[in-house]
Amino acid sequence: MIELGLLSSPPAPEHSVSMAVDDLNHHLIAVGVGVGEDAATAHCGLRTLVRNMAQLVVSLGILVAADKLVEQAFAAASIKFPSALFAMFCVFALLLLLPPSLANGFMAFFDPATVFIHRWLPLFFVPSLVVLPLAVRDVSPASALKILFITFGGWFASLVVAGYTALSVRRIVKTQLIPAEPMKRPSPFGPLEFWAWAAVFVASFAVAYVSPTALGTTATTCLPFLLASTVFGYILGSRLPSGVKKVLHPIICCALSADLAAVAYGYLSRSGVDAVLGDYLTESPSNPGAGDILMGFLGSVIISFAFSMFKQRKLVRRHAAEIFTSIAVASTFSLYSTAILGRVVELEPILTISILPRCITVALALRVVSLFEGVNTSVTAAVVVLTGLIGANFAQAVMDKLRLKDPIARGIGTASSAHGLGTAAVSAKEPEALPFCAIAYALTGVVASLFCTLPAIRHSLVFIAGDASASQTQHISY
């Protein structure tokens, strides 16, 4: 019993101390290893972040630089064809000619740029909406009502024509629908971005208020806070509940935010809102405003269509009959029905011409109307956005009433009548129609732009709109 008691007795104090020290050493070593792993992970994460940012800057910079170079070359050669559209075709042709491995690598390199463009797309055509108060002062209430009638009626007619054309061709060719390539969705905006842009706005607004020419000119001094207010408004609108977005779309919220900032600064600085809006979109390369910076990406948006079309090339090839027939018919119908409706309701010819590309994404719509003389580009942008908002809110319900249930018909009908905003609305509820929306969204603008580069079509549209003098000017310019 004594031996058992001795064996079961606690260890000596010296031995306990030794064990405690060993345990502490093991614990410290384990903690050290953990800290080392965390540090290595953090270092690796930081390196990945820097590499991704560098890839984004380089790839986006190449797209912007390519757009500007081709634009300058076309201007020097007096070529009226949209330069960005030419660049897009060149990129698409290059991707088709490259071996698959190189083409995939090319796509992967420019993926950060295309994701960036997709994420911030509405910002690039908002400037025309921001300065809309300056552009519509000469538009009478009667003309505004006529434009609204053409916009609503034209959207419905374009949806019906595009949808039923696609459905009719589908019944003829009877091509089986196959799954499309998955489409990457941009990440949502987080609180850090929200508050960061809010802070930039407050700080830069204060600087501009204290010293209106702190950065050289009023346009460059106002640029930071006007840009921040535009971005902040878009992020705020994107974070609103879905029910609120139907009334206050992120694009509208974005434009309102910039306009409110302009009103506030114009009042506090006593320069007036007109002067601030003039600084927002100066259209001067030597003295750009916030709007000029944003609209400088429009050409890159068009070029990026090449990547989305290449990614869905198998789908385009398989359903070429439905896609190209529907888009050609819908694009032609949209242009000529707008000109005819404008003539019927006796809308001023120049306003009719300004709203011809109502179903085309703003990036290409502004290029299309630039082929005509004396147009109001702000009215163009406003009508295009309004058309998109109508489609985003009502396209799916209208197609249900019309019994358009085929995914191809629904996708092409939505995008051909309501471009990118309609596509965004479909993406949340109809993933099977989304690829056809994305294809039609790009191709509708491309096809309509190609049509309008043809002198005969431009001349006929101007003639139908009722502007004989403009028609003569267009004819002489050929």
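In this predicted model, Asp400 counts as partly exposed, because its relative accessible area is 47%. The side chain of Asp400 meets that of Arg410 in a salt bridge, with 3.0 Å from N to O. This pair links distant parts of the chain, since Asp400 belongs to helix 19 and Arg410 to helix 20 (residues 407–429), with their positions 10 residues apart in the sense that they are 10 residues apart. Unlike its partly exposed partner Asp400, Arg410 counts as buried, because its relative accessibility is 7%.

## Salt bridges

The count of salt bridges in the model comes to 5, and the table sets out three of them by their N to O distance.

| Pair | Distance between N and O |
|---|---|
| Arg410 and Asp400 | 3.0 Å |
| Arg170 and Glu322 | 3.3 Å |
| Lys68 and Asp67 | 3.9 Å |

The side chains of Arg170 and Glu322 meet in a salt bridge at 3.3 Å. This pair, too, links distant parts of the chain, with Arg170 in helix 7 (residues 141–173) and Glu322 in helix 16 (residues 320–344), 152 residues apart. Both Arg170 and Glu322 are buried, and together with Asp406 they are linked in a network of salt bridges.

Lys68 forms a salt bridge with Asp67, and their closest N and O atoms are 3.9 Å apart. Is Asp67 buried or exposed? Asp67 is buried, because its relative accessible area is 1%, which falls under the 20% cut-off. Lys68, by contrast, counts as partly exposed, with a relative accessibility of 31%.

## The second largest pocket

Lys68 also appears in the lining of the second largest pocket, which 29 residues line in total; Lys68, Glu71, Met295, Gly296 and Arg367 are those that lie nearest its centre. The elements that give two or more residues to this lining are helix 2 (13–76), helix 13 (290–295), helix 14 (298–311), helix 18 (362–369) and helix 19 (377–401). Among these elements, helix 2 provides the largest share of the lining, with 6 residues. The volume of the second largest pocket is about 1,000 Å³, and by class its lining has 13 nonpolar, 9 polar and 7 charged residues.

## A nonpolar patch and a contact in space

Leu46, Leu49, Val50 and Met53 form a nonpolar patch on the surface, and together they have about 390 Å² of accessible area. Of these residues, Val50 is found in helix 2, and Val50 counts as exposed because its relative accessibility is 51%, just on the far side of the cut-off of over 50%.

Elsewhere, Leu268 lies in helix 11 (residues 250–269) and counts as partly exposed, at 41% relative accessibility. Leu268 and Tyr209 are 59 residues apart in sequence, while their C-alpha atoms are 7.6 Å apart in space.

## Two residues with positive phi

Most residues other than glycine have a negative phi. Where does the model place Glu346, which has a positive phi of about 60 degrees although it is not a glycine? Glu346 is in the loop between helix 16 and helix 17 (349–354), and Glu346 is exposed, with a relative accessible area of 65%. Arg403 likewise has a positive phi, near 60 degrees, and is a residue other than glycine. Arg403 is found in the loop between helix 19 and helix 20, and Arg403 counts as exposed because its relative accessibility is 69%.

Note on methods:
Residues numbered from 1 in each chain as written. Predicted model: local features only at pLDDT ≥ 70, side-chain atom pairs only at ≥ 80, totals over all residues. Heavy atoms only, no water. 1 Å grid on protein atoms, 1.4 Å probe; cavity = no way out; pocket = protein on both sides within 12 Å on 5 of 7 lines; lining within 4 Å. Points joined across faces, edges and corners; volume = space filled by probe spheres on them. Helix = DSSP H or I, 4+ residues; strand = E, 2+ residues; numbered from the N terminus. Nonpolar A, V, L, I, M, F, W, Y, C, P; charged D, E, K, R; others polar. Patch = residues over 30% accessible without salt bridge, like charges linked within 9 Å, V, L, I, M, F, W, Y side chains within 5 Å. Areas by Shrake-Rupley, 256 points an atom, 1.4 Å probe, with all protein chains shown as cover. Salt bridge = Lys/Arg side-chain N within 4 Å of Asp/Glu carboxyl O. Buried < 20%, exposed > 50% of the residue type's maximum accessible area, 1.4 Å probe, protein only.
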